[in-house]
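Please open the structure in your viewer, with the sequence panel beside it. The tour below moves from one selection to the next and says what to look for at each stop.

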Amino acid sequence: MKYEKIQAPKGVSEYAPPLSAAFEWVRESLIAPAKLAGYQLMELPVFEDTSLFSRGVGESTDVVSKEMYTFEDRGGRSITLRPEGTAGVMRAVIEKGLDRGQLPVKVWYSGAFFRAERPQAGRYRQFYQVGIEAIGLDDPAIDAEVIAIADQGFKSLGLKNYRLDITSLGDAQSRAAHRVDLLQFISKLDLDEATATRAAINPLRLFDDKRPEMKEAMAKAPLLLDYLSADSAENFKQVKSYLDSLGISYVVNPRMVRGLDYYTGTTFEFIHEGLGAQSGIGGGGRYDGLMEILGGQALSGIGFGLGVDRALLAAQAEGVLVENQFSSDLFIIPLGDNQKSASLSIAAKLREAGIRTEIAFGDRALKGAMKAADKSGSRYVIVLGDSEVASGSVELKRMSDGSTRSVKIDQLQSVLLGDL
């Protein structure tokens, strides 16, 4: 019986070798600066109670109104695959009581996220992010550190053709003053019912509308940056001053609101020029009030989410992606069953020492096994036959230049560690 092939769902980003090694390199490089800054892992569930996102992310957002994967479980509960990370982190911080300990709470996360969007290059229904959150203190210096950590992540990939857009969405006083004039401006526009409903919930959403006619309609709309309270203006000034002292270039974009309702104060986005329409490679901002909305204390926080998929595409676009990221340190070619047993023992000891070791399986001829060693990208290769086992010595061949030297088997570990 012949079975039909089953394919991955449309719009899913998945990575198989050799590209998976590049994906892993991008992911680890993006989060490495956060680890160095004292952020600790927060491992989150991939599904949550739907109300977490409807309350936390905002009902006026496209994420909640159009893009969430929501279903009813067997107990009749409404469950949603996570579309973003911050709300889940905040829920966990409240539930675990981390906000009752030392502040700020500094955590990082990574994993798959889900949005029912129309798939295209750089836009997936399952996509990958790394992110951080610093919760509990409202300090412009923390804002600058969070932005700097993201910037360092992109720089560590070798990316250059990106820019940082920043703005401030102000405090409650700033937004209240701006809302009055913005609603008055919007009342004069000819809006369709869906857009008018969205504007009634959160008028700032219209700045995020990508339709050309809406961009034109909002061209002369009052800007929130012009309504900042004295405290918000001073806070934003300090954030910019810290970024200047760190040598981080930025562009103030007064029309940026991003796609989630919880943002307040400092807000930012990284844009890559080589990715076309899906040019955002990461961003974030401060979220005063989110913890209260989710049933916790009145604590502020700031964080970011960086797109691993898009960062990988950006690295490819700039030609900085190193091909064949994975390579073993030693490739062992056994010439018979007895030598396989010896190879397994040698490999086990070397792996315990952190030496990446592969074995040629499948009873290949020596020529074919050497080809496999070459394709693996291994730095060194040894052939293990009867004479090598008997003498306790092997010829260690360096694949880069073909040079060889005789090494005692029990000294392989020290020799390889000395060369790696």
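Begin by selecting phenylalanine 23 and tyrosine 128, both of which are buried, where buried means under 20% relative accessible area, exposed over 50% and partly exposed in between, computed with a 1.4 Å probe on protein chains only. Before going further, note that this is a predicted model, in which local features need pLDDT of at least 70 and side-chain atom pairs count only at pLDDT 80 or more, while totals for chains, interfaces and linings use all residues. Residues are numbered from 1 along each chain as its sequence is written, and side-chain values use heavy atoms, with hydrogens and water left out.

**Aromatic pairs**

Keep the two rings on screen: the centres of phenylalanine 23 and tyrosine 128 are 5.2 Å apart and their planes stand at 75 degrees, so the pair is edge-to-face. The rule behind this label is that rings of Phe, Tyr and Trp (its six-membered ring) pair if their centres lie within 6.5 Å, with planes under 30 degrees apart counted as stacked, over 60 as edge-to-face and the rest as tilted. Because phenylalanine 23 lies in helix α1 (residues 19–36) and tyrosine 128 in strand β6 (residues 126–135), the pair ties together parts that are 105 residues apart in sequence. Helices (H or I, at least four residues) and strands (E, at least two) are DSSP runs, numbered from the N terminus.

Next, select phenylalanine 154 and tyrosine 162, whose ring centres are 5.6 Å apart with planes at 55 degrees, so that this pair is tilted. Both phenylalanine 154 and tyrosine 162 are buried, and adding Phe268 and Phe270 to the selection completes one aromatic cluster with them. By the same rule, the count of aromatic pairs comes to nine.

**Glycine 301**

Move now to glycine 301, which lies in strand β11 (residues 301–307) and, at 0% relative accessibility, counts as buried. If you draw a distance from its C-alpha atom to that of glutamate 133, the value is 6.9 Å, although the two residues are 168 residues apart along the chain. Leaving aside neighbours within four places in sequence, glycine 301 is in contact (heavy atoms within 4.5 Å) with Ala134, Ile135, Gly285, Arg286 and Tyr287.

**Helix α13 and the strands that cover it**

Select helix α13 (residues 366–376), in which Ala369, Met370, Ala372, Ala373 and Ser376 are buried. Seen down the axis of α13, these buried residues fall within an arc of 155 degrees, taken over the directions from the helix axis to the C-beta atoms, so they line one face of the helix. On the other side of α13, Lys367, Lys371, Asp374 and Lys375 are exposed. What covers the buried residues of α13 includes the strands β12 (330–334), β13 (357–359), β14 (380–384) and β15 (393–398). Just after α13, look for glycine 377, whose phi is positive, near 80 degrees.

Colour β14 next, where four of its five residues are buried. Strands count as paired if DSSP finds at least two bridges between them; β12 and β14 pair in the parallel sense over five bridges, whereas two bridges join β14 to β15, which run antiparallel. Tyrosine 380 shows both links, being the bridge partner of leucine 330 and standing opposite arginine 398 in β15.

Then select aspartate 329, in the loop between α11 (308–318) and β12, which is buried with a relative accessible area of 4%. Its side chain makes a polar contact with the side chain of arginine 379 (2.9 Å), a polar contact being a pair of N or O atoms within 3.5 Å; within protein, one must be able to donate a hydrogen and the other to accept it, and residues adjacent in sequence count only if both atoms are side-chain atoms.

**An open sheet**

Turn to the open sheet of three strands, with order β2-β4-β3 and antiparallel pairing. Its edge strands are β2 (47–49) and β3 (70–72), each of which pairs on one side only. Three bridges join β2 to strand β4 (residues 78–81), and the partner of phenylalanine 47 in β4 is leucine 81.

**Two cis peptide bonds**

Which residues does a cis peptide bond with omega of about 5 degrees join? They are proline 17 and proline 18, and proline 18 is in the segment before α1. Finally, select leucine 103 and proline 104, joined by a cis peptide bond with omega of about 0 degrees; proline 104 is in the loop between α4 (86–96) and β5 (105–114).
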